[in-house]
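Good morning, and thank you for making time for this presentation. Please take a moment with the sequence and the structure before we go through them together.

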2 protein chains.
Amino acid sequence: MITPTAEPVKRAVVLLSGGVDSSTCLAIARDQGYHCLALSFDYGQRAVSELAAARRVAEALKVREHRVIRLDIGALGGSALTDSSLAVPEEETSGIPITYVPARNTIFLSYGLALAEVAEAQALFIGVNALDYSGYPDCRPEFIRAFEAMANLATRAAVEGRALAIETPLIALRKAEILTIGTALGLDYGLTVSCYQADEQGRACGRCDSCRFRRKGFIDAGLDDPTRYQEQGSA
Amino acid sequence: MITPTAEPVKRAVVLLSGGVDSSTCLAIARDQGYHCLALSFDYGQRAVSELAAARRVAEALKVREHRVIRLDIGALGGSALTDSSLAVPEEETSGIPITYVPARNTIFLSYGLALAEVAEAQALFIGVNALDYSGYPDCRPEFIRAFEAMANLATRAAVEGRALAIETPLIALRKAEILTIGTALGLDYGLTVSCYQADEQGRACGRCDSCRFRRKGFIDAGLDDPTRYQEQGSA
């Protein structure tokens with residue numbers, strides 16, 4: 001009796017914050033045929049409601065598994081996202097934003113690398129974007145390429161010849177393009193939270209950098225904005 | 001009035017497990033004139049007594065600060081050091097040891113990178129050794145160089161031109177040479193713990209890989225072995 005040869009399973013670890021970019025990244029990975037393992041971090045950030053959003057998105061996109069790793073990154077200090085004594089800026093800023101967390105993507109990707117090895121994944125997806133977040137050093141293509149080179153020397157899998165690709169499908173896209181792609185893939189952005197200071201119900205402030213990029217994206221894309229704001233008239 | 005120009009302060013983050021290698025690494029960094037910030041990890045490893053050793057060594061070597069970051073790395077699974085269902089091997093093994101933790105040094109160095117940026121450090125020391133631990137992919141010089149290249153693209157400090165050096169003073173040394181150097185620098189190895197399964201008093205099993213390397217090192221170096229073993233006659 002002849003059994004048909006099964007396609008080899010493609011596995012990916014997808015970093016999922018519950019915001020627009022990482023949720024779209026997960027939708028893209030799934031659309032590319034990957035069996036997805038979503039990985040979120042609880043790092044004492046103000047936007048705890050992001051984690052609830054990550055859980056909603058992971059469930060809606062039917063991931064194989066969703067892991068949440070608790071990080072002690074807040075103890076490192078030095079960022080308005082983890083240090084409650086620094087105010088989140090509501091004006092546009094130039095250069096590297098105060099919301100920058102030291103080495104955050106390096107730490108996130110390192111855990112993703114570890115999980116990718118354990119899960120025998122061929123790809124690690126991260127929704128970095130070099131256009132809208134040009135101020136963050138660890139969102140640049142040259143950083144991603146350097147991390148990938150390091151990752152392929154770091155693990156038992158690498159030594160044994162199983163390469164890991166760091167996939168950044170959003171890196172050169174504008175917010176409006178990201179929203180258009182995700183919508184075409186059936187992602188409900190009403191499940192996501194982008195705001196740095198969303199309230200407990202996941203309603204956005206409408207004023208921070210992240211809210212402004214998101215709102216402008218929906219307008220530019222000509223899509224209805226499903227975001228729930230704390231004050232509906234704040235725009 | 002002319003004030004003498006002060007030497008610029010050299011700052012280093014030193015990863016400190018409380019074992020022979022990392023403790024020697026700290027002694028070397030200090031001897032090179034660095035103001036040292038020691039960084040240890042509590043990652044649910046069996047050898048919790050290592051952390052007590054790290055505290056003793058940090059105090060004895062008068063570091064500026066000693067931070068302990070709690071890691072959720074055990075949740076990743078896949079290693080005898082964090083998974084209590086796997087036995088620690090007591091025989092010599094070939095290839096990558098079962099005690100290998102996925103991407104461990106990548107994760108440790110990533111936190112070190114974050115702390116180095118916050119502390120404005122010029123160097124990050126790690127006591128990896130490519131000879132005694134040849135089975136670990138993330139102890140090889142090519143891995144360290146790749147991490148350094150990535151680190152110098154990852155941070156605000158890097159973007160602003162302040163480079164970080166990943167220093168591995170032990171990478172090409174044999175255990176006996178490491179012990180000889182540390183002893184010359186005044187390090188009391190009785191403070192350190194190397195054993196993968198030390199008891200609560202920090203006494204070593206004398207049988208695991210780490211104990212065997214350590215014991216052989218003292219013999220090869222012609223130094224008295226100050227290690228306290230659980231059964232004094234087990235050798």
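In which sense do strand S1 (residues 11-15) of chain B and S2(B) pair, and over how many bridges? In this predicted model, S1(B) and S2(B) pair in the parallel sense, over five bridges. One point of register is B:Ala12, which stands opposite B:Cys36 in S2(B). The connection between the two strands passes through helix H1 (residues 20-31) of chain B, and the resulting β-α-β crossover is right-handed.

Let me stay with S2(B). This strand covers residues 35-42 of chain B, and six of its eight residues are buried, so it is largely enclosed by the rest of the structure. S2(B) also pairs with S3(B), in the parallel sense and over six bridges. Here B:Leu39 stands opposite B:Arg67 in S3(B). As a general reminder, the strands of a sheet pair through backbone hydrogen bonds, either parallel or antiparallel.

I now turn to chain A, to describe the sheet as a whole. Chain A has seven helices and five strands, and along the sequence they follow the pattern β-α-β-α-β-α-β-α-α-β-α-α. The sheet of chain A is open, has five strands in the order S3-S2-S1-S4-S5, and is paired in parallel. Which strands stand at the edges? They are strand S3 (65-70) and strand S5 (165-167) of chain A; each has a single partner strand, so one side of each is left without a neighbour in the sheet. From one strand to the next, the twist averages 25°.

At the S3 edge, strand S2 (residues 35-42) of chain A pairs with S3(A) in the parallel sense over six bridges, and A:Asp42 stands opposite A:Arg70 in S3(A).

Next, the helices against this sheet. Helix H2 (residues 49-60) of chain A lies across S2 and S3 of chain A and runs at about 170° to S2(A). Helix H3 (residues 104-119) of chain A lies across strand S1 (11-15), S2, S3 and strand S4 (123-125) of chain A, at about 160° to S1(A).

Two figures describe the packing of chain A overall. Of its 235 residues, 50% are buried. Among the contacts in chain A with a separation of 6 or more, 71% are between residues 24 or more positions apart.

That brings me to the interface. How many residues of chain B are in contact with chain A? The count is 35 residues of chain B, in contact with 35 residues of chain A. On the side of chain B that touches chain A, the elements that give two or more residues are strand S3 (65-70), helix H3 (104-119), helix H4 (141-154) and helix H5 (156-159) of chain B. The largest share of that side, nine residues, comes from H3(B). By residue class, the side of chain B that touches chain A divides into 23 nonpolar, five polar and seven charged residues.

Finally, the relation between the chains. Chain B is superposed on chain A by a rotation of 180° with 0.0 Å of shift along its axis, at an RMSD of 0.0 Å. The two copies are thus related as by a two-fold rotation axis. The same surface serves both copies, since 100% of the contact residues of chain B recur in chain A.

How values were computed
Residues are numbered from 1 along each chain as its sequence is written. Chains are lettered from A and ligands numbered from 1 in the order in which they are written. This is a predicted model: local features need pLDDT of at least 70, side-chain atom pairs count only at pLDDT 80 or more; totals for chains, interfaces and linings use all residues. Two residues are in contact if their C-beta atoms, placed from the backbone, lie within 7 Å. Helices (H or I, at least four residues) and strands (E, at least two) are DSSP runs, numbered from the N terminus. Ala, Val, Leu, Ile, Met, Phe, Trp, Tyr, Cys and Pro count as nonpolar, Asp, Glu, Lys and Arg as charged, and the others, Gly among them, as polar. A residue is buried if 20 or more other C-beta atoms lie within 10 Å of its own, exposed if 12 or fewer, and partly exposed in between; C-beta atoms are placed from the backbone. Two strands pair if DSSP finds at least two bridges between them. A crossover is right-handed if, with the strands pointing away from the viewer, the path from the first strand over the helix to the second runs clockwise. Axes are lines fitted to C-alpha atoms, for helices over the stretch in contact, and angles run from 0 to 180 degrees between N-to-C directions. Copies are superposed by least squares on the C-alpha atoms of residues with pLDDT of at least 70 in both.
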